Amino acid sequence: VTAGSLFIAVEGICTDGHAYIGKAIEQGAVAIVYDKPMIEEYFSKVAYVQVADSAVALATIASEWYEHPSKALKLVGVTGTNGKTTIATLLYQLVRHSGYAAGLLSTVANYVNDEKFATTHTTLDPIALNELLHRMVKAGCEYAFMEVSSHAIDQKRIANLAFEGGVFTNLTRDHLDYHKTMEAYAAAKAK
């Protein structure tokens with residue numbers, strides 16, 4: 001957080017961004033987006049917006065900030081327990097070898113046409129995701145292929161993206177440490 005920042009408090013898996021609102025204000029945040037009850041002492045210090053779901057608000061604000069890049073692309077999401085990287089990469093390579101400008105967002109690397117960018121997650125956070133999609137649009141990409149993890153779906157990292165199509169590979173026993181049951185895992189994938 002720097003002076004003049006907007007701070008969006010999102011509850012994560014290990015920690016809750018709402019716990020950092022005071023620190024964000026100390027560091028110069030001038031506006032706070034939140035979805036839980038907030039300590040009233042902050043109200044006089046900053047502008048604040050309470051929303052129903054701050055994770056969705058983050059994705060929506062990121063998309064708006066980057067001019068809704070997914071709407072300017074033919075975006076295809078690939079989800080499933082296994083095969084996401086292979087299928088997304090094969091689709092990207094097929095389109096590139098057919099002469100089209102395209103991007104790839106995957107576990108291995110992200111590409112804007114042939115320019116490679118490092119990655120940190122199977123599916124990036126909404127800000128990084130929209131920033132890369134924006135780069136694709138600016139580079140003339142028509143297509144984008146991305147892996148979509150069940151964690152990203154559940155955490156609403158893909159909220160407000162305009163998917164043109166989707167691929168579902170399979171559903172096998174995995175990620176139950178996060179989803180707890182196969183039913184919850186399947187429900188996340190179904191979204």
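**Figure 1. Val78 and its contacts in strand E4.** Leaving out residues up to four places away in sequence, Val78 touches Lys84, Ile87, Ala88, Leu91, Met146, Glu147, Val148, Val167 and Thr169, where contact means heavy atoms within 4.5 Å. Val78 sits in strand E4; helices (H or I, at least four residues) and strands (E, at least two) are DSSP runs numbered from the N terminus. With a relative accessible area of 0%, Val78 is buried. Here buried means under 20% relative accessible area, exposed over 50%, and partly exposed in between (1.4 Å probe, protein chains only). For Val51, 27 residues away along the chain, the C-alpha atom is 29 Å from that of Val78.

A word on the model before the next views: this is a predicted model, in which local features need pLDDT of at least 70, side-chain atom pairs count only at pLDDT 80 or more, and totals for chains, interfaces and linings use all residues. Residues are numbered from 1 along each chain as its sequence is written, and side-chain values use heavy atoms, with hydrogens and water left out.

**Figure 2. The loop between helix H2 and strand E4, seen at Ser70.** Ser70 belongs to the loop that runs between helix H2 (54–65) and strand E4 (74–79). Its relative accessibility is 1%, so Ser70 counts as buried. Beyond its neighbours within four places in sequence, Ser70 is in contact with Leu75, Leu133, Asn160, Leu161 and Ala162. One of these partners, Leu161, is 91 residues from Ser70 along the chain, yet their C-alpha atoms are separated by 5.7 Å.

**Figure 3. Two positive phi values, at Glu67 and His68.** Most residues other than glycine have a negative phi. Glu67 has a phi near 65°, a positive value in a residue other than glycine, and His68 has a positive phi of about 50° although it is not a glycine. Glu67 lies in the loop between H2 and E4, and so does His68. Have a look at their surroundings too: Glu67 is exposed, at 56% relative accessible area, whereas His68 is partly exposed, at 21%.

**Figure 4. Ala31 in strand E2.** Ala31 is part of strand E2, which covers residues 31–34. Not counting residues up to four places away in sequence, Ala31 touches Ser5, Leu6, Phe7, Val46 and Ala47. Among them is Ser5, 26 residues from Ala31 along the chain, with a C-alpha separation of 6.9 Å.

**Figure 5. Cys14 and Cys141.** Cys14 is exposed, with a relative accessible area of 80%, while Cys141 is buried at 5%. A search of the whole structure finds zero disulfides, a disulfide being a pair of cysteine sulfur atoms within 2.5 Å.

**Figure 6. The whole chain, as a setting for the close-ups.** The chain holds seven helices and nine strands. Its radius of gyration is 18 Å, close to the 16 Å that the globule rule gives for 191 residues, so the chain is as compact as a globular protein of that length. The radius is taken over C-alpha atoms, and the rule is 2.2 Å times the number of residues to the power 0.38. Along the principal axes, the C-alpha atoms fill a box of roughly 60 × 40 × 25 Å. Of the 191 residues, 43% count as buried. Among contacts in the chain with a separation of 6 or more, 62% come from residues 24 or more positions apart.
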